[in-house]
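Please open the structure in a viewer and keep the sequence panel visible. The tour below proceeds by selections, each followed by a description of what is found there.

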Amino acid sequence: MMFPGEAGTAITPRLRRDAVLAVALTAAAMLALLIGQMAHPLQFAQSLLPFALIGGFLIRGLSHHAPHTRFGAANLVTLLRAAGVCLLAGLIGRVEEAANLGWLLPLTALAILAMDGLDGWLARWLGLVSAFGARFDMEVDGFLILVLCLLVAEGTAAGPWVVLCGALRYLFLAWLTLMPRYDRPLPPSLRRKTVFVVQAIALVAALVPGLPDVAAIALAALATGLVTASFAIDSRFLYRTERKERVQ
């Protein structure tokens, strides 16, 4: 689930209406863009189906937006980022089309990444910070990394091993689901934020047209190594914390 735990409050009609309208209009814009590009049918499916899932989880989790009754500009920015990631997902398995985009591919990914700081700033500025917005942003970030890894694996000399970089977060969540006694909040960490930014920039840079193979491999290895080490540190922290609590 995108928004686990107890619901925050009842969803107001205005909040539900604004969220549904935002998802519908964004999906319509994506559809128009794909039609304008005369995209392949698989590209429609690979872009619109993930967005439909995201939209469904988003609307289902609105109760966690408490105590706010407005969807808000910050969540709209995150929704637009999600749409951008889904459009990039449409290029997975279409190496030639992705290559034909040239610089547009890494620049689009960089723009999606740059918008990551905007939604949080807007939420704080407008007083609309919530567990909903934070989790929504986190899920979009995770999906972006996974999509970038798949594009790097297909379009560069890095190879399929780089997919581990994007899959580690989901493997980590699966571990916590299977071993719920380790599932507890992690303390805030500048290291975690830094690793995300560095790995994302490294993956985007690996997609730059004309980049030497050795450079693409090095960037992919940097991203994978950093995120592996980061998750290892968090896993060790959770393991040691659970052991201490069990002994006490």
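Relative accessible area sorts residues into three classes: buried means under 20%, exposed means over 50%, and partly exposed lies in between, with a 1.4 Å probe and protein chains only. This is a predicted model, in which local features need pLDDT of at least 70 and side-chain atom pairs count only at pLDDT 80 or more, while totals for chains, interfaces and linings use all residues. Residues are numbered from 1 along each chain as its sequence is written, and side-chain values use heavy atoms, with hydrogens and water left out.

**First stop: a surface patch**

Select Leu 118, which lies in helix H6 (residues 116-126); helices here are DSSP runs (H or I, at least four residues), numbered from the N terminus. Leu 118 has a relative accessible area of 36% and is therefore classed as partly exposed. Now add Trp 121, Trp 125 and Leu 126 to the selection: together with Leu 118 they form a nonpolar patch on the surface, with about 440 Å² of accessible area. Such a patch is made of residues with over 30% relative accessible area and no salt bridge; nonpolar side chains (Val, Leu, Ile, Met, Phe, Trp, Tyr) are joined within 5 Å, and like charges within 9 Å. Accessible areas come from the Shrake-Rupley method with a 1.4 Å probe, and for residues only the protein chains shown count as cover.

**Second stop: Leu 80**

Move to Leu 80 in helix H3. Is Leu 80 buried or partly exposed? Its relative accessible area is 42%, so Leu 80 is partly exposed. Leaving aside residues up to four places away in sequence, Leu 80 touches Thr 26 and Met 115, where contact means heavy atoms within 4.5 Å.

**Third stop: salt bridges**

A search of the whole structure finds 14 salt bridges, each being a side-chain nitrogen of Lys or Arg within 4 Å of a carboxyl oxygen of Asp or Glu. Select Arg 81 and Asp 141, which form one with the closest N and O atoms 2.6 Å apart. Arg 81 is in helix H3 (residues 72-89) and Asp 141 in helix H7 (residues 131-155), so this pair links distant parts of the chain, 60 residues apart. Arg 81 counts as buried at 0% relative accessibility, and Asp 141 counts as buried at 10%.

Next, select Asp 234 and Arg 192, whose side chains meet in a salt bridge (3.0 Å, N to O). Asp 234 belongs to helix H10 and Arg 192 to helix H9, so the pair ties together parts that are 42 residues apart in sequence. Asp 234 is buried at 3% relative accessibility, whereas Arg 192 is partly exposed at 27%. To see a network, select Arg 81, Asp 116, Asp 119, Asp 137 and Asp 141, which are joined by salt bridges that share partners.

**Last stop: the nonpolar core**

A nonpolar core is a set of buried Ala, Val, Leu, Ile, Met, Phe, Trp, Tyr and Cys residues joined through side-chain atoms within 4.5 Å. The largest one has 56 residues, and those touching the most other members include Leu 58, Phe 71 and Leu 203. Helix H7 gives the most to this core, with twelve residues. Finally, select Leu 203: its contacts, not counting residues up to four places away in sequence, include Ile 145, Leu 148, Val 162 and Ala 223.

Note on methods
Helices (H or I, at least four residues) and strands (E, at least two) are DSSP runs, numbered from the N terminus.
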